[in-house]
Amino acid sequence: MEKYEQIAFQIITNVGMAKSSYMQAINEAKSEKFKESEDLISEGNQFLIDGHKVHKDLIQAEASGETVPMTLLLMHAEDQLISTEIIKEMVKELIYVHQNYVKK
């Protein structure tokens, strides 16, 4: 597998794991398991950080003069990274709503 394909898959894998953790966090909040929900957010944050580290290395390589080919796979990785950031913020808001406003 080519170097940049591996990098793209590292980003996709990490942010995919983050997204899964965030979505599980919502389910825990819906069951009023807020500690578990908080733990899943933390877990997701670590995966997201790992994805960002790989992304940062790619940006630094390009900034130092390395040619980084823009492929559909790399664009997909970028899209997943950005959408996971948005999902993270939405999940945090949904958990807040469940904690403070949803009565069972």
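**Figure 1. The largest nonpolar core and its most connected members.** Within the 22 residues of the largest nonpolar core, Ile11 and Val91 touch the most other members. Two or more residues are contributed to this core by each of helix 1 (3-30), helix 2 (34-63) and helix 3 (72-100). Helix 1 supplies the largest share, namely eleven residues. The model shown here and in the following figures is predicted. In soluble globular proteins, nonpolar side chains tend to be buried together.

**Figure 2. The surroundings of Val91.** Val91 belongs to the buried residues of helix 3. Not counting residues up to four places away in sequence, Val91 touches Tyr22, Met23, Ala25, Ile26 and Ile41.

**Figure 3. Ile12 and its partners.** Ile12 is placed in helix 1. Is this residue, Ile12, buried or exposed? Ile12 is buried, because its relative accessible area of 18% falls under the limit of 20%. When neighbours within four places in sequence are left aside, Ile12 is in contact with Leu73, His76 and Ala77. Ile12 and Ala77 are separated by 65 residues in sequence, yet their C-alpha atoms are 5.2 Å apart in space. Ala77 is itself listed among the buried residues of helix 3.

**Figure 4. Thr84, a buried residue of helix 3.** Thr84 is located in helix 3. Its relative accessibility is 0%, and Thr84 therefore counts as buried. Which residues are in contact with Thr84, leaving aside its neighbours within four places in sequence? They are Val15, Ala18, Lys19, Tyr22 and Leu48.

**Figure 5. The buried residues of helix 3 and their cover.** The buried residues of helix 3 are Leu74, Ala77, Gln80, Leu81, Thr84, Lys88, Val91, Ile95 and His98. Helix 1 and helix 2 are included in what covers these buried residues of helix 3. For the 29 residues of helix 3, a span of 42 Å is expected at 1.5 Å a residue. The end C-alpha atoms of helix 3 are 42 Å apart, in agreement with that expectation.

**Figure 6. Helix 1 and the residue Glu32.** Helix 1 has 28 residues, which at 1.5 Å a residue should span 40 Å. Its end C-alpha atoms lie 41 Å apart, and this agrees with the expected value. Helix 1 is followed by Glu32, which has a positive phi, near 60 degrees.

**Figure 7. The aromatic pair of Tyr96 and Tyr101.** One aromatic pair is present in the structure. Tyr96 and Tyr101 form this pair, with 6.0 Å from centre to centre and 70 degrees between the planes, an edge-to-face arrangement. The term edge-to-face applies because the angle of 70 degrees is over the limit of 60 degrees. Tyr96 counts as partly exposed, at 41% relative accessibility. Tyr101 is exposed, with a relative accessible area of 56%.

**Figure 8. The whole chain, as context for the close-up views.** The protein chain has three helices and zero strands, and its pattern along the sequence reads α-α-α. Its C-alpha atoms fill a box of roughly 55 × 20 × 20 Å along the principal axes. The radius of gyration of the protein chain is 16 Å, whereas a compact globule of 104 residues would have one near 13 Å. Buried residues make up 32% of the 104 residues. Of the contacts with a separation of 6 or more, 78% are between residues 24 or more positions apart. The protein chain exposes about 6,600 Å², of which carbon and sulfur atoms supply 57%.

Technical notes:
Residues are numbered from 1 along each chain as its sequence is written. This is a predicted model: local features need pLDDT of at least 70, side-chain atom pairs count only at pLDDT 80 or more; totals for chains, interfaces and linings use all residues. Side-chain values use heavy atoms; hydrogens and water are left out. Rings of Phe, Tyr and Trp (its six-membered ring) pair if their centres lie within 6.5 Å; planes under 30 degrees apart count as stacked, over 60 as edge-to-face and the rest as tilted. Buried means under 20% relative accessible area, exposed over 50%, partly exposed in between (1.4 Å probe, protein chains only). A nonpolar core is a set of buried Ala, Val, Leu, Ile, Met, Phe, Trp, Tyr and Cys residues joined through side-chain atoms within 4.5 Å. Helices (H or I, at least four residues) and strands (E, at least two) are DSSP runs, numbered from the N terminus. Contact means heavy atoms within 4.5 Å. The expected span of a helix is 1.5 Å times one less than its number of residues. The radius of gyration is taken over C-alpha atoms; the globule rule is 2.2 Å times the number of residues to the power 0.38. Accessible areas come from the Shrake-Rupley method with a 1.4 Å probe; for residues, only the protein chains shown count as cover.
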